[in-house]
Amino acid sequence: MDYKNSGVDIEAGYKSVELMKKYVKETVRPEVLGGIGGFSGAFSLNKIKDMEDPVLLSGTDGCGTKVKLAFLMDKHDTIGIDAVAMCVNDVACAGGEPLFFLDYIACGKNYPKKIAEIVKGVAEGCKQSDCALIGGETAEHPGLMPEDEYDLAGFSVGVADRKDLITGENIHDGDVLIGLASTGVHSNGFSLVRNVFEMTKESLDTPYDELGGKKLGDVLIEPTRIYVHALKAIKAAGVKVHGVSHITGGGFYENVPRMLPEGVRAVIVKDSYPMLPIFPLIEKKGDVDEHVMYNTFNMGIGMVIAAGKSDTDAIIKAAESTGDKAYVIGRIESGEKGVTLC
């Protein structure tokens, strides 16, 4: 009896590392010290010593049950983008610059090519956010997970000068709300999605007129939009953002209030932006109540920014310079902390 016969293939682990090295190298920043394969990732903080009062920010998350979609479609090269996006978007919400990322992959069996494909997506997410992939772990769990399944999670560390932190404390009556468009369902609400649609290869390969003829699976697996560059561009434009909310699990009703101080309320106009067709399709096909939709999904808006009304044009122009679509979707009013959709 040996470890391999017990279900853990150490040689497959070595092969996975070799296959993923080329993707990891593409994410290297000047601050990265050493190479892949060490016991820890090293990152120099020399660059941030010129900040007046540097603050470290961190975010950790996974892809939820969206990984089930990757299994069914046998497509593993974008799910890593979702894992990175969920973390770096949270860091960016606070005004931070993501510095580095580490991933954790738990699998029933280590198939080196599949693991390398997953890490390829992680590396792509890191490149999209100028974030270095400095380490990670692939753990085989025979007997605990089916051989062809895995779970993916990770965390990011970023930095901001304390004076540049976005805390929401300056949000006030009269502020405008600007939404940055999402690319689709992103990485939240898939437990509901999987109950609305039959999750089979045949179903996922079905084109829908409502989706412009696109296959259901292709629309659902579209990776989460990373907003790091958009928020950097807005900062570079000299705009003082008052608050930012990443619309993830809990939709508008849970996430928008997270940026609000007491005494103000967000009013969001539902028809103020073009909604992606996947959401009306989910609502209709699943007979899902509208409140549940807005309490579960991003509904086509992945980030909500609160700022002074006079900064509206500058914010939209900066966001669009990075390829993002931005819309005025509402306003801030005095009242009980919360959200009103109208």
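A residue counts as buried when its relative accessible area is under 20%, and as exposed when that area is over 50%. Keep that cut-off handy, and keep in mind that this is a predicted model.

**Exercise 1. Rings in the second half of the chain**

Task: Work out how the rings of phenylalanine 252 and tyrosine 294 are arranged, whether these residues are buried or exposed, and which parts their pair ties together.

Solution:
- Step 1. Start with the search of the whole structure, which turns up six aromatic pairs.
- Step 2. Phenylalanine 252 and tyrosine 294 make one of them, with 5.7 Å centre to centre and 50 degrees between the planes. Planes under 30 degrees apart would be stacked and over 60 edge-to-face, so this pair goes down as tilted.
- Step 3. Now place the residues: phenylalanine 252 is in helix 9 (residues 251-255) and tyrosine 294 is in helix 11 (residues 290-294), so the pair ties together parts 42 residues apart in sequence.
- Step 4. Check the burial: phenylalanine 252 and tyrosine 294 are both buried.

Task: Do the same for phenylalanine 279 and phenylalanine 297.

Solution:
- Step 1. Their rings sit 6.0 Å centre to centre, with 55 degrees between the planes, and this pair is tilted.
- Step 2. Phenylalanine 279 belongs to helix 10 (residues 278-286), while phenylalanine 297 is in the loop between helix 11 and strand 10 (301-307), so this pair ties together parts 18 residues apart in sequence.
- Step 3. Phenylalanine 279 is buried, and phenylalanine 297 is too.

**Exercise 2. Two residues with positive phi**

Task: Aspartate 74 and methionine 299 each have a positive phi; find where each one lies and whether it is buried or exposed.

Solution:
- Step 1. For aspartate 74, phi is near 50 degrees, a positive value in a residue other than glycine. Aspartate 74 is found in the loop between helix 2 (66-73) and helix 3.
- Step 2. Its relative accessibility is 58%, so aspartate 74 counts as exposed.
- Step 3. Methionine 299 has phi near 55 degrees, again positive in a residue other than glycine. Its loop is the one between helix 11 and strand 10.
- Step 4. With a relative accessible area of 1%, methionine 299 is buried.

**Exercise 3. The four-stranded sheet**

Task: Give the strand order of the open sheet of four strands, name its edges, and find the helix that lies across strand 3.

Solution:
- Step 1. The order reads 3-6-4-5, and the pairing is mixed.
- Step 2. Strand 3 (54-62) and strand 5 (132-140) are the edges, as each pairs on one side only. From one strand to the next, the twist averages 15 degrees.
- Step 3. Look at strand 3 and its partner, strand 6 (residues 150-161): they are antiparallel and share nine bridges. Valine 55 faces alanine 160 of strand 6.
- Step 4. The helix you want is helix 3 (residues 79-93), which lies across strand 3, strand 4 (97-107) and strand 6, at about 30 degrees to strand 6.

**Exercise 4. The six-stranded sheet**

Task: Place strand 9 in the open sheet of six strands and describe how it pairs with strand 11 and strand 12.

Solution:
- Step 1. The strand order is 8-10-7-11-9-12, with mixed pairing.
- Step 2. Strand 8 and strand 12 each have a single partner strand, so each is left with one side lacking a neighbour in the sheet. Neighbouring strands are turned by 25 degrees against each other on average, direction ignored.
- Step 3. Strand 9 (residues 264-268) has four of its five residues buried.
- Step 4. With strand 11 (residues 326-334), strand 9 pairs antiparallel over five bridges. There, valine 264 is opposite serine 334, and arginine 265 has glutamate 333 as its bridge partner.
- Step 5. With strand 12 (residues 338-341), strand 9 runs parallel, joined by four bridges. Arginine 265 is opposite glycine 338 on that strand.

**Exercise 5. Helix 8 and the two domains**

Task: List the buried residues of helix 8, say what covers them, and describe the contact between the domains.

Solution:
- Step 1. In helix 8 (residues 228-236), the buried residues are Val228, Ala230, Leu231, Ala233 and Ile234.
- Step 2. Their cover includes helix 3, strand 4, strand 7 (176-181), strand 8 (243-246), strand 10 and helix 12 (312-320).
- Step 3. After helix 8 comes glycine 238, with a positive phi near 85 degrees.
- Step 4. The chain is split into domain 1 (1-162) and domain 2 (173-339). Domain 1 gives 26 residues to the contact and domain 2 gives 27 residues. Taken over C-alpha atoms, the domain centres are 25 Å apart.

How values were computed. Residues numbered from 1 in each chain as written. Predicted model: local features only at pLDDT ≥ 70, side-chain atom pairs only at ≥ 80, totals over all residues. Heavy atoms only, no water. Phe/Tyr/Trp six-rings, centres within 6.5 Å; stacked < 30°, edge-to-face > 60°. Buried < 20%, exposed > 50% of the residue type's maximum accessible area, 1.4 Å probe, protein only. Pairing = 2+ DSSP bridges. Axes fitted to C-alpha atoms, helices over the stretch in contact; angles between N-to-C directions. Contact = heavy atoms within 4.5 Å. Domains from an automatic or database assignment.
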